[in-house]
Amino acid sequence: MRRTMLTVDESGLDRKFLTESEVRELLQAAKRNRHGTRDYCMLLIGYRHGYRVSELIDVRMSDIDLEAGRIFVRRSKGSLSTSQPLQGDEIRALRAWLRVRGSDPSPFLFVAICILRLDIEISSR
């Protein structure tokens with residue numbers, strides 16, 4: 001069962017969207033979590049280009065052209081896929097994420113960040 005969250009704005013009317021200030025707060029909060037660089041970039045790109053979650057996690061490295069400042073937005077559910085311009089803050093967020101992402105061979109832009117920690121116990125005799 002899918003639930004829709006309704007919030008009430010100052011006028012007392014129900015709404016199903018975030019205000020601009022709420023979006024700014026959400027983006028700033030994303031920066032402060034454990035994987036803030038990735039999460040901020042995902043939210044910013046997803047919000048600006050109107051991605052569905054399934055579309056956002058399907059963005060490929062080949063969809064991004066930072067030199068031209070464009071992103072190919074591949075739509076699902078029969079919608080029209082388009083090439084769209086990237087704004088300066090999006091390009092900066094993508095560059096920051098790509099530095100963190102490193103040379104991961106995955107074709108997908110947004111990958112999980114796994115840091116393996118090896119605990120080695122050295123015992124003295």
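In helix α4, the buried residues are Glu 90, Ile 91, Ala 93, Leu 94, Trp 97 and Arg 101. Around the helix axis they span an arc of only 160°, which places them on the same side of α4. The face turned away from that buried side carries Arg 92 and Arg 99, both exposed. The cover over the buried residues of α4 includes α2 (36–49), β3 (64–65) and β5 (82–85). Helix α4 takes in residues 88–101, and its 14 residues should span 20 Å at 1.5 Å a residue; the end C-alpha atoms are 20 Å apart, which agrees. After α4 comes Gly 102, with a positive phi near 70°.

## Overall layout

The structure is a predicted model. The protein contains four helices and five strands, arranged along the sequence as β-β-α-α-α-β-β-β-α. It has 125 residues, of which 29% count as buried. Of the contacts between residues at least 6 apart in sequence, 42% join residues at least 24 apart.

## Helix α1

In α1, the buried residues are Val 23, Leu 27 and Ala 30. They cover an arc of only 60° around the axis, which puts them on the same side of α1. Arg 24 and Glu 25, on the other side of the helix, are exposed. Helix α2 is included in what covers the buried residues of α1.

Lys 31 also belongs to α1. Is Lys 31 buried or partly exposed? Its relative accessible area is 42%, so Lys 31 is partly exposed. Not counting residues up to four places away in sequence, Lys 31 touches Gly 36 and Tyr 40. Lys 31 and Cys 41 are ten residues apart along the chain, and their C-alpha atoms are separated by 8.8 Å.

## Helix α2 and its contact with α1

Helix α2 is mostly covered, with ten of its 14 residues buried. The buried residues are Gly 36, Arg 38, Asp 39, Tyr 40, Cys 41, Met 42, Leu 44, Ile 45, Gly 46 and His 49. Their cover includes α1, α3 (53–56), β4 (70–73), β5 and α4.

How do the axes of α1 and α2 cross? They come within 7 Å and cross at roughly 155°. The two helices are therefore roughly antiparallel to each other, since angles over 145 degrees count as such. On the α1 side of the contact are Val 23, Leu 26, Leu 27, Ala 30 and Lys 31; on the α2 side are Gly 36, Asp 39, Tyr 40, Leu 43, Leu 44 and Tyr 47. These contact residues divide into eight nonpolar, one polar and two charged. Val 23, Leu 27 and Ala 30 of α1 thus appear both among its buried residues and in the contact with α2.

The lengths of three helices are set out below.

| Helix | Residues | Expected span | End-to-end C-alpha distance |
|---|---|---|---|
| α1 | twelve residues | 16 Å | 17 Å |
| α2 | 14 residues | 20 Å | 20 Å |
| α4 | 14 residues | 20 Å | 20 Å |

For α1, the expected span at 1.5 Å a residue agrees with the distance between its end C-alpha atoms. For α2, the reach from first C-alpha to last is close to the expected value.

## Loop residues

Gly 50 follows α2 and has a positive phi, near 65°. It lies in the loop between α2 and α3. With a relative accessible area of 48%, Gly 50 is partly exposed. Leaving aside neighbours within four places in sequence, Gly 50 is in contact with Glu 55 and Arg 75. Gly 50 and Val 73 are 23 residues apart in sequence, with 9.1 Å between their C-alpha atoms.

Where is Lys 77 placed? Lys 77 is in the loop between β4 and β5. Its phi is positive, about 60°, although Lys 77 is not a glycine. The relative accessible area of Lys 77 is 72%, so this residue is exposed.

Terms used. Residues are numbered from 1 along each chain as its sequence is written. This is a predicted model: local features need pLDDT of at least 70, side-chain atom pairs count only at pLDDT 80 or more; totals for chains, interfaces and linings use all residues. Side-chain values use heavy atoms; hydrogens and water are left out. The expected span of a helix is 1.5 Å times one less than its number of residues. Buried means under 20% relative accessible area, exposed over 50%, partly exposed in between (1.4 Å probe, protein chains only). The arc is that of the directions from the helix axis to the C-beta atoms. Contact means heavy atoms within 4.5 Å. Axes are lines fitted to C-alpha atoms, for helices over the stretch in contact, and angles run from 0 to 180 degrees between N-to-C directions. Angles under 35 degrees count as roughly parallel, over 145 as roughly antiparallel, 65 to 115 as roughly perpendicular and the rest as oblique. Ala, Val, Leu, Ile, Met, Phe, Trp, Tyr, Cys and Pro count as nonpolar, Asp, Glu, Lys and Arg as charged, and the others, Gly among them, as polar.
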